[in-house]
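Biologist: I have a two-part request. Show me the model, then let me ask about it piece by piece.

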Amino acid sequence: MREAAFRTPEIGDDTAVLRARLHALWETEPGLKGWLGTVDHKQIGIRYIITAFIVLALGGIEALVIRLQLAGPNLHLLTPEQYDQFFSMHGATMIFLYASPILSGFSNYLWPLILGGRDMAFPRLNAFSYWVYLGAAIFLYSGFLTGAGPNDGWFNYVPYAEKDFNPGINEDFYSLGLIFLGISTAVGAANFIVTAFKTRAPGMAINRLPILIWGTLTASVANLVVIPAVSLAFFLLWMDRQFGTDFFQTRGGGQPLLWQHLFWLFGHPWVYAIVLPAMGMVSDGLPVFCRRPLVGYAMVALATVSVMILGFGVWVHHMFATGLPGLSLSFFSGASLIITYPSAVTVFAWIATIWLGKPVMKTAFLFFASMILLFVIGGVSGFMTASVPVDWQLTDTYFVVAHIHYVLIGINVFPVIGATYFWFPKMTGRMMDERLGRWNFWTMFIGLNVAFLPMHLAGLLGMPRRVYTYPAHMGWSALNLIETIGAFIFAVGTLLFFVNVWKSWRSGAPAGDNPWGAPSLEWSTTSPPPPYNFAVIPTVASRHPLWEDQLQEGEARSSLRRGMTLDQGKESLLTSPIDAAPERIVKGPDDTIAPFLLTVAMMVLFYGMLLKTWWVIGAGAILCLTALLLWLWPRRELLERAPDDHPESAHV
Amino acid sequence: MSELLLSEPRDLPVGPIGRSGPGWWGVAMLVTSEAALFGYLLFAYYYTGASALPGWLLEPAPKLFPALPNTILLVASSFVALYGEKGVEKGNRTQALIGIGGAFIMGVIFALVQYYEWSAKTYGIGENSYASLYFITTGLHMAHVGVGLIILAALFFWVLDDFFSPRRRISVSAGILYWHFVDMVWLFVFTTYYITPYLGFAR
């Protein structure tokens with residue numbers, strides 16, 4: 001059939017006939033082929049979330065082993081080398097394999113639903129970013145489980161990571177694994193950026209975007225340009241180790257500090273990339289339980305963006321103790337202090353939202369609201385170390401360990417678990433158990449504080465991080481025992497969360513479309529949503545499409561049950577970047593195993609590089625090329641090729 | 001009274017038309033990320049060079065032949081590729097094949113000359129950090145040239161097989177955008193390694 005180049009979209013009502021037709025078009029094929037080939041953002045999102053939670057459990061078990069080793073002085077549960085691998089793998093797991101992918105998972109699942117679209121801008125790329133994430137996780141863990149995990153901390157400073165000091169294969173696993181994982185993050189970021197700018201429902205102008213979109217979009221822009229820094233750093237390190245280059249080797253005129261610059265040029269924006277989307281979850285979720293819109297929407301959106309912009313200029317505060325010139329220290333110290341302003345704007349907006357609202361104390365609210373407190377504690381300890389003299393005193397002590405855990409558990413794990421309670425009904429059609437939820441919340445909250453508040457004191461008392469044990473007379477023993485007890489309480493809380501998810505998924509109370517009475521578009525479709533998300537493309541008239549009648553902010557009402565049907569194939573709508581005016585109808589790709597094949601080919605390539613076996617590398621490269629050609633081959637059904645009977649093919 | 005706001009657009013394009021479509025955005029994102037990669041590579045060069053001891057710069061006066069003509073050749077290939085893209089745009093297959101094929105041949109010559117330059121060096125990759133930076137930066141660029149050449153070759157055969165029409169040709173525009181990137185980024189690499197020593201950097 002010849003596709004017209006231009007078409008006026010048909011307008012229709014949301015009917016059962018239309019739904020049946022769309023269902024047939026969008027449904028993922030059952031069986032293994034459909035499982036490996038699906039491009040449905042909801043399935044991919046749930047896979048991301050489940051994988052990331054499994055990874056969270058693995059990283060948590062590593063943490064518990066570390067805490068047992070440190071529970072008392074002079075313990076020998078782990079050897080020093082094993083301890084190095086455990087704490088390095090714990091950091092790498094939580095920072096790289098959990099904190100960012102879990103947010104990608106939620107964003108993958110939620111974005112098209114929140115934006116009123118039918119899928120991400122690049123559905124196949126979406127599948128690819130998940131498979132590469134899984135592949136990289138398997139790659140890194142295959143090293144750890146064979147005794148070749150990273151052993152130089154998650155930020156992997158040279159010269160200890162160089163071959164002279166670290167002759168095993170450990171650092172090669174880590175270097176290649178993170179380059180591999182970086183591909184997943186970068187393509188995911190590209191997908192989010194284009195999705196945010198091009199696939200919104202008509203009328204969802206940029207000043208109507210939910211804050212979660214702002215958060216993930218900002219984080220994605222950062223990721224797109226900073227991931228290459230860390231991939232490059234690890235690539236250069238691998239070259240140093242395997243091919244005798246001198247990037248970080250002083251003996252060849254190299255610069256060990258170059259590693260720290262490249263790593264933190266990436267690393268600090270990354271810290272914001274793994275909290276801004278989570279802060280977005282709070283900014284969107286918290287107001288629902290306060291029964292009012294977020295206070296200061298525009299300020300919070302701008303704060304999100306400005307935190308990121310400032311976040312590009314603070315990386316040197318990780319390097320205050322490396323002997324840099326005073327001018328440089330002052331500049332980066334100033335930038336690090338200033339960044340508290342936009343962060344404070346967001347915090348006060350949340351507090352004002354609770355203050356002016358009528359809070360409903362559901363479990364999700366408890367997680368969101370307590371996050372504000374944890375953010376302040378983690379923020380203040382960060383603010384303290386932004387001051388150069390304080391940092392010189394505290395750097396590489398447990399004070400910094402306490403800071404990073406308040407920040408990452410407080411601003412990533414707590415919002416994520418709150419978000420699970422909040423959006424679980426949408427994903428599964430079932431409510432999570434509130435009673436178990438309260439137990440879950442209080443054990444986690446108490447466990448977190450028992451485990452990490454004393455660490456500040458241990459750090460002030462001079463306990464250095466990364467030591468595998470300590471003598472009895474240092475005065476750290478009682479604090480460490482308390483921390484270990486707290487860590488186990490926290491672990492019980494996390495276990496209760498997993499139990500709740502498991503139980504509720506099987507037998508939770510039915511949720512209905514909008515159990516919380518929430519304002520955004522994802523709550524206007526069924527729970528769980530159909531494969532095509534929306535039978536008709538919604539038209540958005542305000543920032544809170546489902547609260548228009550209560551808020552009475554204007555006359556116009558969003559059109560949710562009547563709109564473009566786009567049912568002549570797997571069609572969705574592209575809109576303009578700022579005003580979200582309709583621009584183009586696009587055909588979505590069908591399920592395909594090309595992304596999966598490409599990932600397998602890349603695993604062959606990376607294992608080949610690890611073993612420096614040239615024929616495996618060659619085979620992997622050829623497989624990659626084949627899979628890419630299969631993927632990018634122009635297709636008629638995607639309108640990338642001339643139709644069969646196009647006139648030009650006759651002459652010329 | 002409230003009223004329902006309903007978007008009822010008139011004619012909308014269906015699928016990618018000409019060079020506009022999501023694929024073009026995708027390659028633009030790829031190019032942004034890759035440009036950042038080269039930015040960090042050059043940062044590594046300037047950072048290491050600025051703090052290096054005298055004698056670090058192994059070639060205080062780099063030979064501009066054949067590097068400069070080779071640079072001009074690569075930049076020219078961008079225009080030849082554009083000529084090919086215009087051929088697809090006009091439905092002129094001969095022009096399209098000449099343009100894309102010509103850019104491919106120019107790219108191959110660039111790669112061969114660059115290979116000759118590497119083999120003519122008196123030092124290896126492990127000589128010092130200057131040598132490491134030089135070989136890795138030009139080497140990574142060469143990897144991008146390789147990918148660009150594969151893209152040009154694929155486009156050549158697709159055009160030969162009449163895949164595209166003036167309207168449906170997003171793959172051509174996206175692929176050639178990548179080739180433009182490969183050529184542009186070389187200008188930065190060339191300036192850094194061949195010109196800045198003459199301006200006094202790290203000498």
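Biologist: How many of the 18 residues of H8(A) are buried?

Modeller: One note before I start: this is a predicted model. Buried means under 20% relative accessible area. By that cut-off H8(A) is mostly covered, and its buried residues number 16 of 18.

Biologist: What span should helix H8 of chain A have, and what distance separates its end C-alpha atoms?

Modeller: Helix H8 of chain A covers residues 256-273, which is 18 residues. The expected span is 1.5 Å times one less than the number of residues. That gives 26 Å, and the distance between the end C-alpha atoms agrees, at 26 Å.

Biologist: Where does H8(A) bend?

Modeller: The bend is the angle between two axes, one fitted to the seven residues ending at a position and one to the seven starting there. For H8(A) this angle is about 30°, and the residue is A:Trp264.

Biologist: How many cavities of 30 Å³ or more are there, and how much space lies in the largest cavity?

Modeller: A cavity is a set of points where a 1.4 Å probe fits but cannot get out. The count at 30 Å³ or more is eight. The space in the largest cavity is about 230 Å³.

Biologist: Which element gives the largest share of the lining of the largest cavity?

Modeller: The lining has 24 residues, and A:Ser100, A:Ser104, A:Thr185, A:Phe192 and A:Asn223 lie nearest the centre. Two or more lining residues come from each of helix H4 (80-115), helix H5 (123-145), helix H6 (170-198) and helix H7 (211-243) of chain A. The largest share is seven residues, and it comes from H6(A).

Biologist: Is B:Ser132 buried or exposed?

Modeller: B:Ser132 belongs to helix H4 of chain B, residues 129-160. The cut-off for buried is under 20%. The relative accessible area of B:Ser132 is 0%, so this residue is buried.

Biologist: Which backbone nitrogen lies 3.0 Å from a polar atom of the side chain of B:Ser132?

Modeller: Start with what B:Ser132 touches: A:Thr245, A:Asp246, A:Phe247 and B:Ile125, leaving out residues up to four places away in sequence. A polar contact needs N or O atoms within 3.5 Å. At 3.0 Å from the side chain of B:Ser132, the backbone nitrogen is that of A:Asp246.

Biologist: What span do 32 residues give for H4(B), and how far apart are its end C-alpha atoms?

Modeller: The rise used is 1.5 Å a residue. Over 32 residues H4(B) should span 46 Å, and this agrees with its end C-alpha atoms, which are 46 Å apart.

Biologist: Which residue has a side-chain oxygen that reaches a backbone nitrogen at the start of H4(B)?

Modeller: The backbone nitrogen belongs to B:Tyr130. The side-chain oxygen comes to within 2.9 Å of this nitrogen, and the residue that supplies the oxygen is B:Asn128.

Biologist: Which backbone oxygen lies 2.9 Å from the side chain of B:Gln95?

Modeller: B:Gln95 sits in helix H3 of chain B, residues 93-120. With a relative accessible area of 6%, B:Gln95 is buried. Beyond residues up to four places away in sequence, B:Gln95 touches B:Tyr83, B:Gly84, B:Lys86, B:Gly87 and B:Lys90. The backbone oxygen at 2.9 Å from a polar atom of the B:Gln95 side chain is that of B:Tyr83.

Biologist: Where is the cis peptide bond with omega of about 0°, and where is the one with omega of about 5°?

Modeller: A:Pro159 lies in the loop between H5 and H6 of chain A, and B:Pro66 lies in the loop between helix H1 (22-50) and helix H2 (67-90) of chain B. The bond with omega of about 0° joins A:Val158 and A:Pro159. The bond with omega of about 5° joins B:Phe65 and B:Pro66.

Biologist: What is the phi of A:Arg291?

Modeller: A:Arg291 is in the loop between helix H9 (276-290) and helix H10 (297-311) of chain A. Its relative accessible area is 37%, so A:Arg291 is partly exposed. A:Arg291 is not a glycine, but its phi is positive, near 55°.

Biologist: Which residues does A:Leu479 touch, not counting those up to four places away in sequence?

Modeller: A:Leu479 is in helix H17 of chain A, residues 477-507. At 12% relative accessible area, A:Leu479 is buried. Contact means heavy atoms within 4.5 Å. The residues touched are A:Pro454, A:Leu457, A:Ala458 and A:Leu461.

Methods:
Residues are numbered from 1 along each chain as its sequence is written. Chains are lettered from A and ligands numbered from 1 in the order in which they are written. This is a predicted model: local features need pLDDT of at least 70, side-chain atom pairs count only at pLDDT 80 or more; totals for chains, interfaces and linings use all residues. Side-chain values use heavy atoms; hydrogens and water are left out. Helices (H or I, at least four residues) and strands (E, at least two) are DSSP runs, numbered from the N terminus. Buried means under 20% relative accessible area, exposed over 50%, partly exposed in between (1.4 Å probe, protein chains only). A polar contact is a pair of N or O atoms within 3.5 Å; within protein, one must be able to donate a hydrogen and the other to accept it, and residues adjacent in sequence count only if both atoms are side-chain atoms. On a 1 Å grid over the protein atoms alone, a cavity is a set of points where a 1.4 Å probe fits but cannot get out, and a pocket is an open set with protein on both sides within 12 Å along at least five of seven lines; lining residues have an atom within 4 Å of a point. Grid points are joined across faces, edges and corners, and a volume is the space filled by probe spheres set on the points.
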